[in-house]
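Here is a short report on selected local features of one protein chain. It covers backbone angles, burial and strand pairing.

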Amino acid sequence: MDWKSSGDLFAAPPNESDFVFVNGLRFAAPYSFDFVCHVKKRQEGKNIVELFTTEFPNRPRCYYENAYQQGLLRAEKATPANNGSLKRKKSATTDEKNEEDDEKQHPAAPTETTETKTETTAKTAFEQRVTTPKVRPLTSLKAGERLRHALHRHEPPCLADPVVVIKVTQNMVAVCKPATTPVHPTGQYRKNTVLGLLASQRPDLGRLNPVHRLDKNVSGLLLLARNPETANALREEVQSRLVRKKYLAVVSTAVIKNDGPSSDSRGSIFETFQGNNVVTVCNAIKYDARAHIASCAPCETATQDGFKTAETKFALVAVSADVAKRSSVGKEGPVIQISERLPLNTALVLCEPVTGRTHQIRVHLQVLGFPIANDVKYGGLGTGDSARIEGQLKTCRELTIGDGIGKKTSSDCCPETSHAPVETINNPESPLCPHCPMVAHGARDFGDGEKNENGKDEKDEPGGSAQTRAEDLERLYLHCSRYDGPAWSFQAPNPVWVPSDVVVDLDRERG
């Protein structure tokens, strides 16, 4: 959608005091923020409240209605499409004229470029705009109009695992990204990202540009360029398939039946990984950005319905002891390690994606019949980590700001439930914020069957809920281990879920 958030993390980095650690979680203290976006052609004709309610369903319609009337949600003049047409400059939507009239009584924050805005501007907007303005009629938007939302942002929490700097060169930085932390600002995340943490903790590294993607719940090696020239060169190497990428995954070997998972091994995992112990999956992939899920074509074709070519190589490294006991492992074929510390009915697999499609490894393992063990979205059975996640979701529901008395929000139309706090953070409440005094958005487990105002499960709605979910706190059993370029190589340490009784050889040649 080409939405852009105002503010530059490296020009105005977060302070280390902006982060609070509670019960294994890292929270960003709530802050004022100026969000900027532009109306797309497909959105033309909607009014600003309709657009934000549809595109950003994490807040209720009543919030956007109030924010619009207070001047915190507003439209600005469209940028001329022909480099300064006088006719275009003179024209304005009815909403823009209302804005101009309202400006005389309630002046807005100064207009600046998206890249130079900071959260200070949003705070000023609150102070200047929150009065009692006249009722402002809603009008239809036109493509190209700039929309601004001065809001109080409550970022979702991440696991408290740190971003570890592996190596620094003149042009590159290699880090080990922790699971559940996004790489860059996206959606509700800004400070609580890899770039936000590095801007705060390692200003000596300068401005950093990610070279490749890692899903939020995936851990491991992340390469960052220290200048635009290096970033472009590295991306070209990746796109030209001159870089070898190696990942580790723990996959499920349990048979999934209608009445639940069976304790019997698939058995076929040894039949699948036979000969030289290499399996290649070449099913084409299509990613649905709205639903956040990938699907595979039944074959390699990429000419139908937006599917793109994809190829991933897999090698079996080790199996859990219970799987080995029920199979003929070691009797013939390649030598497979047996681990006493892998979870029941699982195996450790080495993955090498030749192409770089979104969720490629995850969906190709599903096609292979051995999904990542805790990747429920692609057929995994979950893990025994539910007690930890349940406790952390409880923390998200209870963590408050201010004096810790569990005060409700100042907005009467959508009050928050009061909770006894487990920790307090000194931070002022902001007007109309439906999340105050909560530090996080709260928490929701999709097993509770809650419905939204349309009578649908939140999990089925595009964009879902802004509240923290169990899947947001899950360390996916997928780890980026190594990248080898034409003249460079970087490797990340193994994650905690790779058992110590297994030797992982990333250097072995595979077909």
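Strands here are DSSP runs of E with at least two residues, numbered from the N terminus. The model is predicted.

**Positive phi**

Most residues other than glycine have a negative phi. Histidine 292 departs from this with a positive phi of about 60°, although it is not a glycine. It sits in the loop between strand 16 (285-288) and strand 17 (293-296). Histidine 359 also has a positive phi, near 60°, and is likewise a residue other than glycine. Its loop lies between strand 20 (346-353) and helix 10.

Are these two histidines buried or exposed? Histidine 292 counts as partly exposed, because its relative accessibility is 39%, and that class lies between 20% and 50%. Histidine 359 counts as buried because its value is 10%, and the cut-off is under 20%.

| Residue | Phi | Relative accessibility |
|---|---|---|
| Histidine 292 | about 60° | 39% |
| Histidine 359 | near 60° | 10% |

**Helix 10**

Helix 10 spans residues 360-368 and is mostly covered. Seven of its nine residues are buried. They are Gln360, Ile361, Arg362, Val363, His364, Leu365 and Leu368. Just after the helix comes glycine 369, with a positive phi of about 105°.

**Serine 481**

Serine 481 belongs to strand 25 (residues 478-484). How accessible is serine 481? Its relative accessible area is 1%, so it is buried. Neighbours within four places in sequence aside, serine 481 touches residues from several parts of the numbering. Its contacts are Leu221, Lys246, Tyr247, Leu248, Phe490, Gln491, Ala492 and Leu506.

**A three-stranded sheet**

Three strands make an open sheet, in the order 2-3-7, with antiparallel pairing. Strand 2 (19-22) and strand 7 (158-159) are the edges, each pairing on one side only. Strand 3 (residues 25-28) joins strand 7 over two bridges in the antiparallel sense. Within this pairing, arginine 26 has cysteine 158 of strand 7 as its bridge partner. Helix 11 (residues 386-398) packs on the sheet. This helix touches strand 2, strand 3 and strand 7. Its direction makes about 25° with that of strand 3.

How values were computed
Residues numbered from 1 in each chain as written. Predicted model: local features only at pLDDT ≥ 70, side-chain atom pairs only at ≥ 80, totals over all residues. Heavy atoms only, no water. Buried < 20%, exposed > 50% of the residue type's maximum accessible area, 1.4 Å probe, protein only. Helix = DSSP H or I, 4+ residues; strand = E, 2+ residues; numbered from the N terminus. Contact = heavy atoms within 4.5 Å. Pairing = 2+ DSSP bridges. Axes fitted to C-alpha atoms, helices over the stretch in contact; angles between N-to-C directions.
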